[in-house]
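Please take me through this structure in the viewer, one selection after another. Start with the cysteines, then move out to the whole chain.

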Amino acid sequence: MNMDDVKWMKEAIKQAKKAESYDEVPIGCVIVKDDKIIARGYNKRETLQQSIAHAEIMAIQKACKKLGTWRLEDCVLYVTLEPCPMCAGAIIQSRIKEVVYGASDPKGGCVGTCTNLFEVSEFNHHPIYRRGILESDCSDLLKHFFKKKRDMKKTQKS
């Protein structure tokens with residue numbers, strides 16, 4: 001395991017915990033260029049009431065603004081959960097060089113689990129990707145969040 005991957009995934013986990021503090025699904029993302037974080041993002045769907053307010057989208061928007069370009073060619077995106085079809089598409093469209101993710105998403109992951117958009121030969125960009133970095137930490141965040149939600153619903157019913 002690459003120690004830089006661990007270092008940056010820990011930063012993405014911090015973003016996921018920030019999301020959780022706002023009662024958002026704990027998914028976090030950082031974008032790294034030249035060994036520096038240039039953008040951070042976390043899930044804000046509930047806060048903004050926008051279906052597209054995923055951690056990756058939030059971070060991509062910030063990175064584009066910071067660099068003054070939509071082309072994020074020399075960037076690496078770290079995210080705690082495997083990108084969905086929308087985020088995988090945004091990553092491809094942004095020309096992000098590499099993606100590193102923690103937990104796989106059996107219900108919507110599009111970088112190897114349900115399908116792999118990064119390997120569609122007809123697309124003009126194919127990001128490099130690595131998975132399973134701090135997987136149990138990333139997965140545990142989500143499991144605990146949803147368990148807490150289920151427990152709260154049970155308590156409200158009683």
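Select C110 and C114 and show their side chains. The sulfur of C110 has its closest cysteine sulfur in C114, 6.0 Å away, which is too far for a bond. A disulfide here requires two cysteine sulfur atoms within 2.5 Å, and by this rule the predicted model has a count of 0 disulfides.

Keep both residues selected and turn on the surface. Is C110 buried or exposed? C110 is buried, because its relative accessible area is 6%. C114, in contrast, is partly exposed, with a relative accessible area of 45%.

Next, select the whole protein and switch to a cartoon. There are 5 helices and 5 strands to find. Trace them from the N terminus and the order reads α-β-β-α-α-β-α-β-β-α.

Zoom out to see the overall dimensions. Along the principal axes, the C-alpha atoms occupy a box of roughly 55 × 30 × 30 Å. The radius of gyration is 15 Å, in agreement with the value near 15 Å for a compact globule of 158 residues.

Now display contacts. Among those with a separation of 6 or more, 57% join residues that lie 24 or more positions apart. Colour by burial as well: 48% of the 158 residues count as buried.

Last, show the surface of the entire protein. About 8,700 Å² is accessible, and carbon and sulfur atoms hold 51% of that area. Colour the charges to pick out 27 positive and 21 negative ones; the mean positions of these two sets are 6 Å apart.

Technical notes: Residues numbered from 1 in each chain as written. Predicted model: local features only at pLDDT ≥ 70, side-chain atom pairs only at ≥ 80, totals over all residues. Heavy atoms only, no water. Helix = DSSP H or I, 4+ residues; strand = E, 2+ residues; numbered from the N terminus. Rg over C-alpha atoms; globule rule 2.2 N^0.38 Å. Buried < 20%, exposed > 50% of the residue type's maximum accessible area, 1.4 Å probe, protein only. Contact = heavy atoms within 4.5 Å. Areas by Shrake-Rupley, 256 points an atom, 1.4 Å probe, with all protein chains shown as cover. Lys, Arg positive; Asp, Glu negative; His and termini not counted. Charge placed at Lys NZ, Arg CZ, Asp CG, Glu CD.
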